[in-house]
Amino acid sequence: MGSQAMILLVGTLAVVALFVSGLTKAGNDMVDNSSLAYGENMAKEINTAAMDIAMRTLADSTTWRAPLSNLQLSGGSATVTFKDTLLGADTAVVVRSIVTFISGIDTSYAATQAIVKSPADGFVPPVVHGTMTSFGPIDDIISDMTIDGRNWKDPTTLSPQAGIFAVSTSEATYINTQNAPLGATTYTTNPATDIAPTFPEDPLVVETNATWPNGPPSTPDAALGYPEGTLKNIAINKLIPGSQYVTKYADLVFPLRGVTYIEVANGTWWRKGNVDGVTLDPTGKPMEPRIGPKPEGILVFHSPATDALWETMQAKPVKDPFKGLIIADKMFHVHLDILGGIVMLSPNTVQGRTCNGNNGHWMKFSSEILEKVTQASTHTSDASWKTRVKVLSWYE
Amino acid sequence: MTFIDIIGSTLLGATVIVAIMGLNLLLSDSSRQVGSDLNVQENTVEFTKSIQWDFAKIGYRDTTGAPILVAKQDSVVFLGDIDNSGSVDTVRYYKGLPEELTWTPNPNDFLLMKEVGNASQTMQMNIGLTKFQLTYFDSTGGVTADPKLVRGLKIAAVVQSPYATVDSVYSGAYWENTIYPRNLNVSK
């Protein structure tokens, strides 16, 4: 009897030990499983944080390429690298993040590779139909300078089949009174065809009766599709380096950079021999409203009534081209080279006057330049990197 | 040895045996329960890892600008290079019918199907899903059913054990996750 009880007891203990062992193992497996899943999720979270730091760094400093090594985040370690690359014709930055997180005896990893462009996109404002876009008549304005709507990367490098009209007007007719050579890209063919500047011009290089869904824009902000006050705010607060806001010519600082917002009284007329009432420059010659050396950016010349006229805009004594977008109420005698475009807001442009002697100058459309000058203005007040860095692809 | 001794030892022996059998049953049930829970946990983790991995690739290397092709409550079809091979895959996730999963006693579980490329590459995921529901969000955070507008998607799932435990209860886990795939939120 005693031995039988002993056998029973031993057998019972064996069964209990077996079950307990199994339960312990299952419990340990569950804990291990949880720990591993926790570690992997933590690694992913840390990776997200590391990429966020990297993107913010890149957004704040587009030339940043130094690695962010051994970032200690939430108990894990992250390293982020930046490398320039070419994606098609575009330059981009490859941002790689590798994260290690140790949870108990498990080591979890997470990695991301993103290809980004910095800063985010600029754009060719929809208002820019032609290299010179006007809502009034332009027969007498364009003078005899060469106006080319083909798309130029720089003054000598063409981006084929990607241009716009040479000139665009909301008027029903256009007469090239000063024999200006005009060129453009036409999309009446497939693929598009570039038309080199000629006189007489090919009718396909001119747009007349240009229509606007909500009527032509009457303010510089409206022309770019920005909320009212955006450009002025950028200029006043210098949100783009070099920007300035002035109300008279004497206050302009050269070279022009960023957004130059010139807001003048209604009826203002800047011209040779009279700029804000100043008739002579310091050397005793007739005062001229020049725009200084190497001018760039967005240049606004505007009055509340949209009637300000800038006549004889010159780049003397240095004949650097203006690179960017000029948005003016009205212009006449544009005596400089322009890479980018001009938009004139007033429907009452100058007519009945002669504007020759300008055939050495040119005006060339450049989407690259327009994108460059608009990209900075698009998101200047954003703190988030997501509007300042364009993500091309993201693998995690 | 008296008669009372015999009765007493019999009762004692029977009590011990019943106690041992009870202990055995208890241990057996516990073991089954824990095993079932472990199985559900492992399946849930595998399922969530798979979903998070694949769904994070929605739109990766897509050039169409509209990588979600179908956005239904029980299925999604999207474009994305999920294996980083350099070529964009067409991936389809959809829930099977409970009738298709007959080899488990759980009447509610179904297979989750994953197709990459075409129907010949269908992977059947038998992980005890009893709920797989997708909800889609546009850029404003509002619910949308238009695949072109989708910027995020929520997955709600319940994973259950294939076998019921002693009380005819299935071990289960509920998982819900909203994913905003990065490549859906970049302009093309």
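Here is a walk through the structure above, one chain at a time, with a stop where the two chains touch. Keep in mind that this is a predicted model.

Let's start with chain B. Its secondary structure comes to one helix and seven strands. If you follow the sequence from the beginning, the pattern reads α-β-β-β-β-β-β-β, so the helix comes before the strands.

What do the seven strands build? They form an open sheet, lined up in the order S1-S2-S3-S4-S5-S6-S7, with antiparallel pairing. At the edges of this sheet in chain B sit strand S1 (68–71) and strand S7 (172–179), each of which pairs on one side only. Neighbouring strands in the sheet are turned by 25° against each other on average, if you ignore direction.

Zoom in on one pair to see how the strands connect. Strand S3 (residues 89–95) and strand S4 (residues 110–116) of chain B run antiparallel and are joined by five bridges. If you'd like to find one of the partnerships yourself, look for B:Val91, whose bridge partner in S4(B) is B:Val116.

Now for the helix. Helix H1 of chain B covers residues 3–55 and lies across S3, strand S5 (122–137), strand S6 (152–160) and S7 of that chain. Compared with S7(B), the helix runs at about 15°.

How much of chain B is buried? Of its 188 residues, 29% count as buried. There is also a number for how the chain folds back on itself: among the contacts in chain B with a separation of 6 or more, 47% are between residues 24 or more positions apart.

Next, head over to chain A and find strand S20 (residues 338–344). It is mostly covered, with seven of its seven residues buried. Which strands does S20(A) pair with? One of them is strand S18 (residues 322–328) of chain A, which runs parallel to S20(A) and is joined to it by seven bridges. In that pairing, A:Gly324 has A:Gly340 as its bridge partner. Strand S5 (residues 130–134) of chain A also runs parallel to S20(A), with three bridges between them, and here A:Ser134 is matched with A:Met344. Strand S21 (residues 362–365) of chain A pairs with S20(A) in the parallel sense as well, over three bridges; A:Ile338 finds its partner there in A:Met363.

What about the nonpolar residues? In soluble globular proteins, nonpolar side chains tend to be buried together. The largest nonpolar core in this model has 66 residues, and A:Ile147, A:Val167 and A:Ile327 have the most contacts inside it. Leaving out residues up to four places away in sequence, A:Ile147 touches eight residues that you can pick out one by one: A:Thr131, A:Met132, A:Ile142, A:Ala166, A:Val167, A:Ala180, A:Leu182 and A:Met363. A second, separate core has 30 residues, including B:Val76, B:Ile82, B:Phe132 and B:Tyr136.

Finally, look at where the chains meet. The contact takes 18 residues from chain A and 20 residues from chain B. On the chain A side, helix H1 (2–60) and strand S22 (390–395) are the elements that give two or more residues. H1(A) supplies the largest share of that side, twelve residues. What kinds of residues does chain A bring to the contact? They divide into eleven nonpolar, five polar and two charged.

Note on methods
Residues are numbered from 1 along each chain as its sequence is written. Chains are lettered from A and ligands numbered from 1 in the order in which they are written. This is a predicted model: local features need pLDDT of at least 70, side-chain atom pairs count only at pLDDT 80 or more; totals for chains, interfaces and linings use all residues. Two strands pair if DSSP finds at least two bridges between them. Helices (H or I, at least four residues) and strands (E, at least two) are DSSP runs, numbered from the N terminus. Axes are lines fitted to C-alpha atoms, for helices over the stretch in contact, and angles run from 0 to 180 degrees between N-to-C directions. Two residues are in contact if their C-beta atoms, placed from the backbone, lie within 7 Å. Ala, Val, Leu, Ile, Met, Phe, Trp, Tyr, Cys and Pro count as nonpolar, Asp, Glu, Lys and Arg as charged, and the others, Gly among them, as polar. A residue is buried if 20 or more other C-beta atoms lie within 10 Å of its own, exposed if 12 or fewer, and partly exposed in between; C-beta atoms are placed from the backbone. A nonpolar core is a set of buried Ala, Val, Leu, Ile, Met, Phe, Trp, Tyr and Cys residues joined through C-beta atoms within 7 Å.
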